[in-house]
Amino acid sequence: MAVNLQRRTLEDSPLEEPGLQSPALLRLRSALPQGFQRHIRSARELDRDLREAQETEATFRTAVPALDRLLEGGLPRGQLVELVGSRTSGRFSTVLAALAAATSVGEVAALVDLGDGLDPAAAEALGADLRRLLWLRPHNLKQALAAAEMVLASGFPLVALDLGTPPVRGGRGVEAAWLRLARAARAHNAALLVSTPYRVSGTAAGVVLKAERARAAWQGESLPLLSGASSHLQLEKQRGRLPGQTEELKLTLGEVPVPSSVPRVKKREEPVEWVEDWEPLRAAGGIRY
Amino acid sequence: MPGPRIACIHLPLFPLAARLRSEPELIREAVVVTEGNGNAARVVAGTRLAREAGVKPGHTLPQARALCPKLVARPRDEECERAGQEALMEVAEAFSPRVEDAGEGVTYVDLEGLERHFRSPSPELEMGRSLIAAADKAGLPVRVGIASSKLAARVAAGLPDSPVVVPEGEEAAFLAPLPLAKLSPEVDIASTLEQWGVRSIGDFARLPKARVASRLGRTGRELHATARGIDPRPLIPREPPPVFHEGMNLEWPLVSLEPFLFVGRAALERLCERLESAGLACQRLGLELRLEPDGHQTRAVDLPAPTRDVKTLLTLLRLDLEEKPPGAPVAGFTLLAWPDRPREAQLALYGPAALSPDKLATTLARLFALLGPDRVGSPRPVDGHRPERFSLVEYTPPPPPEVRREPRAGRGLLAVRVLRPPLGLEVISESEKPVEIRTVVHDESEKRPRVEGRVKVASGPWGLEEGWWTEEPAGRDYWDVELAGGGIYRIYRDCATGEWFADGIYD
């Protein structure tokens, strides 16, 4: 596992008690100026720093504040996290946000997209680095599970498996397959996010989250504009924690013009007359060419 | 100025050694390789057990079987011999770029400049031992001779206690005590020399040059020169082949897949070992099948990235053969590997963990086999506004940054789950505004999402016009609708046909 030691500066990390330090190390440190003493580390101190760094990296931040708060830092590595939600629950947005967060900082990630619902332009607008995203479009759940296991085994630190909307091609799958998948995530210390319309993974899931059906937010009365949606994420299961904790998931269409790839241009009711000068129309934002 | 130094690598009993390389389980058996058909087949070479039983080259197969009842006979196999010769060349090329292919299990290597890599009192002896060890690792029990001429090196390689090094300038002295047969003279010259009482190479070398030429002609003159240690033939280096071959002719035709894959796996393993020893991987795997009673078939599998993972390559072969069966019994096969440099990456100490390029290539190949090439890759948007369109490119992630960063807080953007292909809808509208929608179901067994309900809020229409100059123009009026029962959908009316579709769910 790659460990980020740089995030912790040497100044933050305490030295061992003088009684535990070897005499040679003590002599070496005492010979150095005050500011440089911490740059000499014993093997035991380095080992402790590495372990502490690993503990802080046990989660995978998703940049979805509600999810990160609910999971106390992000997606736990080495576990299967099942996100259950109906249509329009913010489930797919959460998956894409997690992938965008990972790829934007240089991690590679894989999306096993059984629903075949990814719009690359929308993912890019969400901040995803598409060069680092592996997109797999299986035909059925059996293929999706096999593909997810393969990418986990090849070392992808984040794998998202989206089962789409019901009816899911392949039903719920075999529980043994989900257990294999969870074991693959644990063996490779990867974060595995399964987005599904109903519970599928049974006892294999280390964390289960439920997303409520989202309510749409509209702007304007006579000409309503969709401005976003809000939902609630609820923790249903996590080892060592009581279920029931809830966080609000707010999603907006924002200023990004293309979550839907469709230009937000009001259709002209009247036929456009031929004009010699197109600049005024172009300046008004109505013409894109 | 010192002359060239040449090593000859000789694989004794070449047809047998090449066959045993393909079937290593026969090494401890009494095996002979034969040439010819049926009872007229004659023994070409045999293993130690067969030789100890009295089997000799030239025996017919019934004679050999009478001497050794448990004899295993195999016909000469061109494919095995070609692969064995290529493997021998690759062993030599691991030491020097100047290698000559002399065929029939013989290879010459130019040793110029190699001595500095072997820091021992006798670097050439050390080189010879290294060549033998490398060949042995490739399943080829070779002998090595080192001398200043190809002929002396070849004769030295035929002697036991290999490697044999002939010091520079001592070729004639080295050859002198050896029997004349070591020079492989032509039959009539050999009989003439025998009548003259010439037994050793030294006896022949001592004869006057002009008289030998006048009595034995041009061939005799050249043979006399070689007996005196003079071999003017230069080493002719070969061009490295663009494709690696491995294969064999089968003892009996195979009609089912599993036995073929069993044999093919062993050949693939040998192929991948050769690729690995050359620092290469397979970018394209070809398969040539020789069919019974006649005919042949050629097929090839392109790989997403160079790999030498046997399991993956075998899976791809299996899928290809299952998809397009040969249609006739398979009597022989050749695997062809188009080589390429494997991907390499420098791993960062403090940045995010990078994927092992070799492992990634293998995984991509397996995913290709599982899902199909059009369903694996890195997504890219296509210029235009139609959301269902996309393109897939080869997945080659850039190297990770040197230092890990924390992700920025997300903007909490609502994404659309695209419905591919769009769902056909029946829409009841008032004043061109949808008030109720329902999915059109053509086939009850079709597993597609269904959308149905009264529209609570509808926002639109938003015009999309694209590609009017093409044969497939798109003119759509988009609406965002929230249904009374829940769910926010993106629907549109096709301006050309007036039909309604849902092409996305806000999720």
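Helices and strands here are DSSP runs, numbered from the N terminus, with at least four residues for a helix and at least two for a strand. One thing to keep in mind as you click around: this is a predicted model.

**Stop 1: chain A**

Color chain A by secondary structure and you should find eight helices and 11 strands. Of its 289 residues, 44% are buried. Take the contacts in chain A between residues at least 6 apart in sequence: 69% of them join residues at least 24 apart.

Now select A:A63, in the loop between β1 (59-60) and α3 (65-70) of chain A. Check its backbone: phi is near 65°, a positive value in a residue other than glycine. For background, most residues other than glycine have a negative phi. Is A:A63 buried or exposed? A residue needs 20 or more other C-beta atoms within 10 Å to be buried, and A:A63 counts as buried because it has 23 C-beta neighbours inside 10 Å.

**Stop 2: across to chain B**

Show both chains and pick out the contact between them. Chain A puts in 78 residues and chain B 66. On the chain B side, the elements that each supply at least two residues are α13 (357-371), β13 (376-380), β15 (416-430), β17 (452-466), β18 (474-483), β19 (488-494) and β20 (500-506). Which of them gives the most? Select α13(B), which contributes seven residues. Color this side of chain B by residue type and you get 36 nonpolar, 13 polar and 17 charged residues.

While you have β17 of chain B in view, go to B:P461, which sits in that strand. The peptide bond joining B:G460 and B:P461 is cis, with omega about 0°.

**Stop 3: chain B as a whole**

Hide chain A for now. Chain B has 13 helices and 20 strands, and 41% of its 507 residues count as buried. Of the contacts in chain B with a separation of 6 or more, 58% are between residues 24 or more positions apart.

**Stop 4: a pair of crossing helices**

Select α1 (residues 14-22) and α4 (residues 78-93) of chain B. The two pack at an angle of about 90°, and their axes are 8 Å apart. That angle is why α1(B) is described as roughly perpendicular to α4(B). To see the contact itself, show B:F14, B:P15, B:A17, B:A18, B:R19, B:R21 and B:S22 on α1(B), then B:C80, B:E81 and B:G84 on α4(B). By type, the residues of this contact are five nonpolar, two polar and three charged.

**Stop 5: the bent helix**

Next up is α10 (residues 209-227) of chain B. How far apart are the end C-alpha atoms of this helix? They are only 11 Å apart, although a straight helix of these 19 residues would reach 27 Å. Zoom in on B:G217, where α10(B) bends by about 135°.

Select the buried residues of α10(B): B:L216, B:G220, B:L223, B:H224, B:T226 and B:A227. Their cover includes α6 (150-157), α7 (171-175), α8 (187-196) and α9 (201-206) of chain B. Just past the end of α10(B), look at B:G229, which has a positive phi of about 85°.

One of the covering helices is worth its own click. α8(B) lies largely in the open, because one of its 10 residues is buried. Right after α8(B) comes B:G197, with a positive phi of about 85°.

From α6, step along chain B to B:P163, in the loop between α6 and β8 (164-165). The peptide bond from B:S162 to B:P163 is cis, with omega near 0°.

**Stop 6: two loop residues in chain B**

Start with B:E104, in the loop between β5 (99-103) and β6 (106-110) of chain B. Phi of B:E104 is positive, about 50°, though the residue is not a glycine. B:E104 counts as exposed because it has 12 other C-beta atoms within 10 Å.

Finish at B:P326, in the loop between α12 (310-323) and β12 (330-340) of chain B. B:P326 is buried, with 21 other C-beta atoms within 10 Å. Leaving aside residues up to four places away in sequence, B:P326 touches B:L289, B:L291 and B:Q297. For a last distance, pick the C-alpha atoms of B:P326 and B:R299: they are 9.9 Å apart in space, with the two positions 27 residues apart in sequence numbering.

Key:
Residues are numbered from 1 along each chain as its sequence is written. Chains are lettered from A and ligands numbered from 1 in the order in which they are written. This is a predicted model: local features need pLDDT of at least 70, side-chain atom pairs count only at pLDDT 80 or more; totals for chains, interfaces and linings use all residues. The expected span of a helix is 1.5 Å times one less than its number of residues. The bend at a residue is the angle between axes fitted to the seven residues ending there and the seven starting there. Two residues are in contact if their C-beta atoms, placed from the backbone, lie within 7 Å. Axes are lines fitted to C-alpha atoms, for helices over the stretch in contact, and angles run from 0 to 180 degrees between N-to-C directions. Angles under 35 degrees count as roughly parallel, over 145 as roughly antiparallel, 65 to 115 as roughly perpendicular and the rest as oblique. Ala, Val, Leu, Ile, Met, Phe, Trp, Tyr, Cys and Pro count as nonpolar, Asp, Glu, Lys and Arg as charged, and the others, Gly among them, as polar.
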